[in-house]
Amino acid sequence: MDQKITAQVVAVRDDIVTVELGKNEEGVFHPILKNEVVYICPLRTATDGRQEYLQAEVLRVRHGEADVQVFENTRGVAVGDPVRQSGDMLSVALGPGLLGQVYDGLQNPLEIIASQNGFFLPRGLEVEGIDQQQHWAFQPSVKVGDRVKAGDLIGNVQEGRFKHRIMAPFNLYGEAEISWVQEGSFTVTTPVARLRLEHGDEIEVTMQQKWPVRVPVSEPLLRSGKSKRHYPQEPLLTSIRLIDTFFPVARGGTACIPGPFGAGKTVLQSLISRFSDVDIVVIVACGERAGEVVETITEFPNMPDPKGGTLMDRTVIICNTSSMPVAAREASIYTGITISEYYRQMGYNVLLIADSTSRWAQAMRETSGRLEEIPGEEAFPAYLDSAVRALYERAGLIENNAGDMGSLTLIGTVSPAGGNFEEPVTQSTLRTVKTFLGLSAERAYKRAYPAVDPLISWSRYLDQLADWYAEHLGADWVSQVKDMQQLLDQGEAVQQMMQVTGEEGVTLQDYILYHKSICLDQVYLQQDAFDDVDISVPIERQQALFSLLRMALTSSNEFKDKVEVRDYFVTLTGLFRNLNYSRTDSPDYRRYIDEINTKLNLR
């Protein structure tokens, strides 16, 4: 820690500390910036005799003073404790070695800290986010004399199954000339190239670069015009029928999964991350209970990946449980999205799952309250809506400098108290995202998976991606899906009527509509997460099942009474569910297809 002492603590309010800036020889206050990282150095040393350096971020600057939020417990911090400035914004290290890691909200590798200090993590530790000793085989893609701009490819490193692209610094201004480059096996801190800037100075390029988490990685690259943002043009296939068919999420789009406690958010996000058609998965466990986070950390390394290996081979986990400091919880989502943007800039398809944005918003509420800012609805900060929008806007489809397309799909789970979707965080999220997958406690209680309520969920991508569906699934796909959605609505209306009048109070035609909607729900909207076949359904199989089921539900049937209606649809539902459990190339699959066709022809 070589920074100079430039300030001292003058007030402590939980994790909000007010510091008074010192003056230089000319009597001018030392400069300090919003979002700059500072280190508070308690005069009381730790129990092991170590000097602690408590990392903090500047939230507000006043004349001669600044309010900072500390990312650690502030016990023992006292008035008069010295403060050191770093001169840098809160940043993460970007380079090879990120995949397979479990970090806290500040990119401290938890496994390394635990191996060195035990499971009760000491305060004031800061460990490099990327292993500084590991060697990587660097292969340059440029030669001396080539000219590059920010984000241009300089070389490649093999990181597991992925080709990790080493790019020119994202903050590089203008063009620079390659004055020297080398090939070989190096650590991430070893210079692999030198750039001669326009004014003649030279800078060294390593395989690692730092980037502030609150600034999108793509921002300077889009501004220069070398990278371009595109409109999402295809769906992100999750292999979950209800999502892919009825409520699609675009590749590079945004979605939210709100739901009450016990509705199945964790299971749903786990299967989405495992089976979705993406290259990299980043999971941010922000403020969740420690038990759920531990379950994620322990399961992912052992969970088989459909693409080969284990799921952890292409996953980064950032976790801050509800027992960790509020400030670190608020920073964890920004850390995760910055790492996601980095891999997107290489041309990879990245899925970021934030669980949950409610805890992130609650962390902002606590910090805002301690700063004595004017509160908004339910004491959330008045800028909650803009903060949520700014977060989700960092998702998208980017064409990088080399012309490769990369995407960042952001799915945030929301945990509204009591399942109240009218609370501010849920409403701000719904105004921002384009897919809403609303979980229902009632459906979860009935053991329906996924417990997404099709009557309240929606997706704006169904019409937006109509051209893709027309090309790959047929010109009438979108209209057919909407017809089935209408059938669900009609069935729900009949069910509401039957709750008042009983089965005798509805007509035979309404009773048929009701059973058709139940058949559609049980056969297509629900899957078995414990069955090896039904857990993941490719889009081709979804198309075949949807077409066959639609034919069954739209055919004209003659029924004598309601008992015959019930018996017919119970049998039909059973055949379809057995079909769902059968592998596509198996004799059972063909047999159930024949039985369903026979059943339909008999009517």
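Biologist: What makes strand 13 (residues 176-181) and strand 15 (residues 193-196) count as a pair?

Modeller: This is a predicted model, and in it 4 bridges join strand 13 to strand 15. The cut-off for pairing is at least two bridges, so these strands count as paired. They run antiparallel. For one concrete bridge, take W180, whose partner in strand 15 is R194.

Biologist: Which sheet do they sit in, and what is its strand order?

Modeller: An open sheet of 4 strands, in the order 10-13-15-16, with antiparallel pairing.

Biologist: Why are strand 10 and strand 16 said to stand at the edges?

Modeller: Strand 10 (147-148) and strand 16 (202-205) each have a single partner strand, so one side of each has no neighbour in the sheet.

Biologist: What about the open sheet with the order 12-11-9-14: which sense does its pairing have?

Modeller: Antiparallel, across 4 strands. Strand 12 (162-167) and strand 14 (184-186) are the edges here, since each has a single partner strand and therefore one side left without a neighbour. From one strand to the next, the twist averages 35 degrees.

Biologist: How do you know that strand 11 and strand 12 are paired?

Modeller: Strand 11 (residues 153-159) and strand 12 share 6 bridges, and the cut-off is at least two, so they are a pair, in the antiparallel sense. One of the bridges links E159 to F162 in strand 12.

Biologist: And what makes helix 6 roughly perpendicular to strand 12?

Modeller: Helix 6 (residues 326-345) lies across strand 11 and strand 12, at about 95 degrees to strand 12. The range for roughly perpendicular is 65 to 115 degrees, so about 95 degrees qualifies.

Biologist: Over to strand 22 (residues 349-355). Why is it called mostly covered?

Modeller: Count the residues: 7 of its 7 are buried, and buried means under 20% relative accessible area. Both faces are covered, with N349, L351, I353 and D355 on one side and V350, L352 and A354 on the other. In a regular strand, side chains alternate between the two faces of the sheet.

Biologist: How do you know which strands pair with strand 22?

Modeller: Bridges again. Strand 20 (residues 280-286) is joined to strand 22 by 6 bridges, running parallel, and V284 has A354 as its bridge partner there. Strand 22 also pairs with strand 24 (residues 405-414) in the parallel sense, over 7 bridges; the partner of N349 in strand 24 is S407.

Biologist: Now the helices. Why is helix 15 called roughly antiparallel to helix 16?

Modeller: Helix 15 (residues 539-554) and helix 16 (residues 562-580) pack at about 170 degrees, with their axes 12 Å apart. The label needs an angle over 145 degrees, so helix 15 is roughly antiparallel to helix 16.

Biologist: What makes up that contact, by class?

Modeller: There are 9 nonpolar, 1 polar and 1 charged residues. Helix 15 brings R541, L545, L548, L549, A552 and L553, while helix 16 brings F569, L572, F576, L579 and N580. Arg counts as charged and Asn falls among the polar ones, so R541 and N580 fill those two slots.

Biologist: How do you know that the span of helix 14 is close to the expected value?

Modeller: Helix 14 (residues 508-525) has 18 residues and reaches 25 Å from first C-alpha to last, against the 26 Å expected at 1.5 Å a residue. Its buried residues, among them Y511, H515 and D521, pack against helix 3 (241-246), helix 10 (441-445), helix 13 (477-501), helix 15 and helix 16.

Notes: Residues are numbered from 1 along each chain as its sequence is written. This is a predicted model: local features need pLDDT of at least 70, side-chain atom pairs count only at pLDDT 80 or more; totals for chains, interfaces and linings use all residues. Side-chain values use heavy atoms; hydrogens and water are left out. Axes are lines fitted to C-alpha atoms, for helices over the stretch in contact, and angles run from 0 to 180 degrees between N-to-C directions. Contact means heavy atoms within 4.5 Å. Angles under 35 degrees count as roughly parallel, over 145 as roughly antiparallel, 65 to 115 as roughly perpendicular and the rest as oblique. The expected span of a helix is 1.5 Å times one less than its number of residues. Buried means under 20% relative accessible area, exposed over 50%, partly exposed in between (1.4 Å probe, protein chains only).
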